[in-house]
Amino acid sequence: MKYLIWGIGERLKRNIDKVNRNCIIGFVDQRAQNDAAEYYGKPLFSPDSIKGHIVDGVVISSDKYFDEIARECIFERGIDCKKILRLDFLLQQEGKNPGYPKMQMAYREVMEFIFGSERAGIVRNWLGAEHTKEQPAKNVINCQGYIFPVDMAIPSLRVYQVTHKLFQPIGNQGYVPIGVGHGTLPYIRDHTGNNIAKYNSLINECTALYWIWQNGTEEYIGLNHYRRVFESEINIGWPLQDVEAFVLLHKYDVIVAKAVAFQGYSVASMLSVEICKEAFEASWKELNLIFETKSVDEKLAFQKVMEESIIFPCNMFITKRTRMNEYCEWLFPILFQLIDRVEVKEEWDTYSKRVIGFWAERLFTVWLYYSGYLVKQLPVLAIGDERPYGK
């Protein structure tokens with residue numbers, strides 16, 4: 001195993017002799033720019049210089065700043081959250097700190113999360129176990145810097161992060177960036193394969209959704225944004241892990257963003273105050289005409305959602321591909337009709353020109369209501385200066 005140890009403070013100094021230094025490829029610290037190039041005979045890196053190093057784990061030596069450093073590793077350095085470890089965990093693996101109380105608490109939290117899904121037995125407890133003699137686990141789950149083996153085969157899952165500009169993708173193979181709009185981006189692009197990229201200025205991230213529908217093959221699919229991801233159930237401020245997603249999808253049909261309520265407005269009237277009057281009225285008229293041709297159940301779902309004040313925002317979800325296919329087969333004929341019928345005028349402001357995309361976001365809630373699928377709501381984690389919802 002190869003580790004980077006983040007932080008060369010007093011806590012590491014007290015425990016450095018307990019760590020197998022043959023497993024350490026280097027240390028990371030803000031002071032690397034001023035200190036010597038080595039620390040205990042190993043390279044000393046600045047945080048900005050660790051990209052590209054292939055390691056089995058980044059061990060954070062500080063308990064006090066663990067959460068802050070962990071989030072920096074995930075969102076600024078692109079390190080897989082399954083590789084972010086506490087120093088206590090490493091010491092426990094070395095047999096130098098057996099049965100550490102915080103690790104026991106983390107194990108109980110993982111078990112509480114999984115319990116009730118009929119899969120509680122899939123998580124192995126490292127504590128006191130002859131884990132080196134066990135068969136390799138099929139996967140792992142990270143709870144607050146402690147890694148637990150999970151006897152659970154993970155089907156193919158991709159959570160696409162939609163972006164219109166360069167950003168630091170989540171450093172996990174399950175998260176995949178997809179670029180939309182103009183410009184050159186080093187990611188999968190929505191203008192390749194079978195696509196409708198020409199409509200991106202009208203329907204927003206739905207051009208990425210169309211690409212995923214038409215060109216992807218994964219059994220499970222998710223859609224997030226470059227600055228918005230689902231938050232972990234067991235790690236505050238971390239993105240959702242694949243094991244967490246599959247535990248949830250064992251009980252629920254679709255993972256969605258936590259519902260938002262428009263205080264004093266219905267779903268429809270809220271959009272009317274966000275865009276120019278002409279854009280709203282023209283699109284609202286055509287959308288109602290389209291739903292007049294739908295089934296009774298679809299019309300009722302549409303009316304109920306638009307008259308009430310709650311939606312599942314951001315077009316964010318994780319679900320089986322078969323369910324996503326159902327949604328796309330329902331959604332895109334409506335969007336194509338709106339594109340044909342609604343004249344987007346040059347004098348409208350840029351935001352109002354995206355009105356069809358804003359209706360698409362609201363139609364996701366209509367489809368969920370119409371389909372009757374059981375949803376699991378998760379908070380949306382805003383990265384950087386982004387807000388969870390809204391402009």
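Let me begin with a convention: two helix axes count as roughly parallel under 35 degrees, as roughly antiparallel over 145, as roughly perpendicular from 65 to 115, and as oblique for the rest. With that in hand, I would like to walk you through a few features of the structure above, which, please keep in mind, is a predicted model.

I will start with helix α9, residues 277–292, which packs with helix α12 at an angle of about 40°, the two axes lying 11 Å apart. An angle of about 40° belongs to none of the named ranges, and α9 and α12 are therefore oblique to each other. The handedness of this crossing is right-handed. As for the residues involved, α9 contributes Ala279, Phe280, Ser283, Trp284, Leu287 and Phe291, and these meet Val355, Trp359, Leu363 and Val366 on the α12 side. Sorted by class, the contact between α9 and α12 has nine nonpolar residues and one polar residue, with no charged residue among them.

Now, which helix packs with α12 at an angle of about 160°? That is α8, residues 267–274, whose axis lies 11 Å from that of α12, a helix that itself covers residues 355–371. Because the angle of about 160° is over 145, α8 and α12 are roughly antiparallel to each other. Here, too, we have a right-handed crossing, as α8 passes α12. The residues that meet are Val267, Ala268, Leu271 and Glu274 from α8, and Phe358, Trp359 and Arg362 from α12. In this contact of α8 with α12 there are five nonpolar and two charged residues, and no polar ones. You may notice that Trp359 is listed in the contact with α8, and that Trp359 is also listed in the contact with α9.

Let me turn to the cysteines, since somebody at the bench will ask how many disulfides the structure holds. The number is zero. Of the cysteines I looked at, Cys143 has a relative accessibility of 0% and so counts as buried, while Cys314, at 5% relative accessibility, counts as buried as well.

Finally, a word on Gln104, which is found in helix α4, residues 101–114. Is Gln104 buried, exposed or partly exposed? Its relative accessible area is 32%, and because partly exposed covers the range between 20% and 50%, Gln104 is placed in that class. In sequence, Gln104 is 42 residues away from Tyr146, whereas in space the C-alpha atoms of Gln104 and Tyr146 are 9.5 Å apart.

Note on methods: Residues numbered from 1 in each chain as written. Predicted model: local features only at pLDDT ≥ 70, side-chain atom pairs only at ≥ 80, totals over all residues. Heavy atoms only, no water. Axes fitted to C-alpha atoms, helices over the stretch in contact; angles between N-to-C directions. Helix = DSSP H or I, 4+ residues; strand = E, 2+ residues; numbered from the N terminus. Left-handed = near helix turned anticlockwise from the far one by under 90°. Contact = heavy atoms within 4.5 Å. Nonpolar A, V, L, I, M, F, W, Y, C, P; charged D, E, K, R; others polar. Disulfide = S-S within 2.5 Å. Buried < 20%, exposed > 50% of the residue type's maximum accessible area, 1.4 Å probe, protein only.
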